Amino acid sequence: MISRSQLYNCSLTPSQVKTLQLFASSPCWRLLSSQLCRLEDHKPCPLCDEAREELEPYKRRFILQEVDITLPENSVWYDKYKYDIPVFHLNGKFLMKHRVDIQKFENHLVKLELQNDGNQ
């Protein structure tokens, strides 16, 4: 079982991440109201801190999974995004990088929520 605190603290093992990815793509995931937003970052990262603050009003509508790309187990993300953080994926799909585009985030979130409502 993957706890919410593990998601928030990004203390997931690679096998738990794989399980979560499989779950997120399954029909069961569509029954949940929260979407999964993955944030690739590292510490310190002022832009990442700013992004978290901007997403705060939406926190009840999605689960934020933070991925520290400097950890050895995240080397694939480091190689891909070392110059582009923060990077956002919503339900496994690239959404934006560098800064939060609230309108784009809101549009994609609403679209996913409407899809979920239609599938229930």
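## A guided tour from H89 to the salt bridges

H89 is a buried residue, its relative accessible area being 5%. The model on display is a predicted one, and H89 serves as the starting point of the tour. Select this residue and the strand that holds it: β3, residues 87-90. Next, show the side chain of E40, with which the side chain of H89 makes a polar contact at 3.2 Å. Then display the surroundings of H89: leaving aside residues up to four places away in sequence, H89 touches L36, C37, R38, E40, W77, Y81, F94 and L95.

**The whole chain**

Zoom out and colour by secondary structure. The chain has 5 helices and 4 strands, and their order from the N terminus is α-α-β-α-β-α-β-β-α. Of the 120 residues in the chain, 38% are buried. Among contacts with a separation of 6 or more, 64% join residues 24 or more positions apart. Switch to a surface view: the chain exposes about 7,400 Å², and 56% of this area comes from carbon and sulfur atoms.

**Helix α3**

Select residues 46-55, which form helix α3. Which residues are buried here? They are C48, A51, R52 and L55. These four lie on the same side of α3, because the arc that they cover around the axis is only 100°. An α-helix has 3.6 residues a turn, so residues three or four places apart point the same way. Display β1, β2, β3 and α5 as well, since these elements are among what covers the buried residues of α3. Rotate to the face turned away from the buried side, where the exposed residues P46 and E53 are found.

**R52 and its partners**

Keep R52 selected and turn to the charged side chains. Side chains of opposite charge can pair when their charged atoms come close. How many salt bridges does the structure hold? The count is 11.

Add D41, whose salt bridge with R52 has its closest N and O atoms 3.3 Å apart. D41 belongs to strand β1 (residues 35-41) and R52 to helix α3, so this pair ties together parts that are 11 residues apart in sequence. Is D41 buried or exposed? With a relative accessibility of 0%, D41 counts as buried.

Now add E66, which also forms a salt bridge with R52, at 3.0 Å from N to O. E66 sits in strand β2 (residues 62-68), and the pair therefore links parts 14 residues apart in sequence. E66 is buried as well, its relative accessible area being 13%, which is under the 20% limit for a buried residue.

**R61 and E106**

Move on to R61 and E106, whose side chains meet in a salt bridge of 3.1 Å, N to O. R61 is in the loop between α3 and β2, whereas E106 is in helix α5 (residues 102-118), so the pair ties together parts that are 45 residues apart in sequence. Both partners are partly exposed: R61 has a relative accessibility of 23%, and E106 has a relative accessible area of 22%.

**The network**

To finish, select D41, K43, D49, R52 and E66 together. Salt bridges that share partners join these residues into one network. R52, one of its members, also belongs to the buried residues of α3, so that the tour closes on the helix face visited above.

How values were computed:
Residues are numbered from 1 along each chain as its sequence is written. This is a predicted model: local features need pLDDT of at least 70, side-chain atom pairs count only at pLDDT 80 or more; totals for chains, interfaces and linings use all residues. Side-chain values use heavy atoms; hydrogens and water are left out. A salt bridge is a side-chain nitrogen of Lys or Arg within 4 Å of a carboxyl oxygen of Asp or Glu. Helices (H or I, at least four residues) and strands (E, at least two) are DSSP runs, numbered from the N terminus. Buried means under 20% relative accessible area, exposed over 50%, partly exposed in between (1.4 Å probe, protein chains only). A polar contact is a pair of N or O atoms within 3.5 Å; within protein, one must be able to donate a hydrogen and the other to accept it, and residues adjacent in sequence count only if both atoms are side-chain atoms. Contact means heavy atoms within 4.5 Å. The arc is that of the directions from the helix axis to the C-beta atoms. Accessible areas come from the Shrake-Rupley method with a 1.4 Å probe; for residues, only the protein chains shown count as cover.
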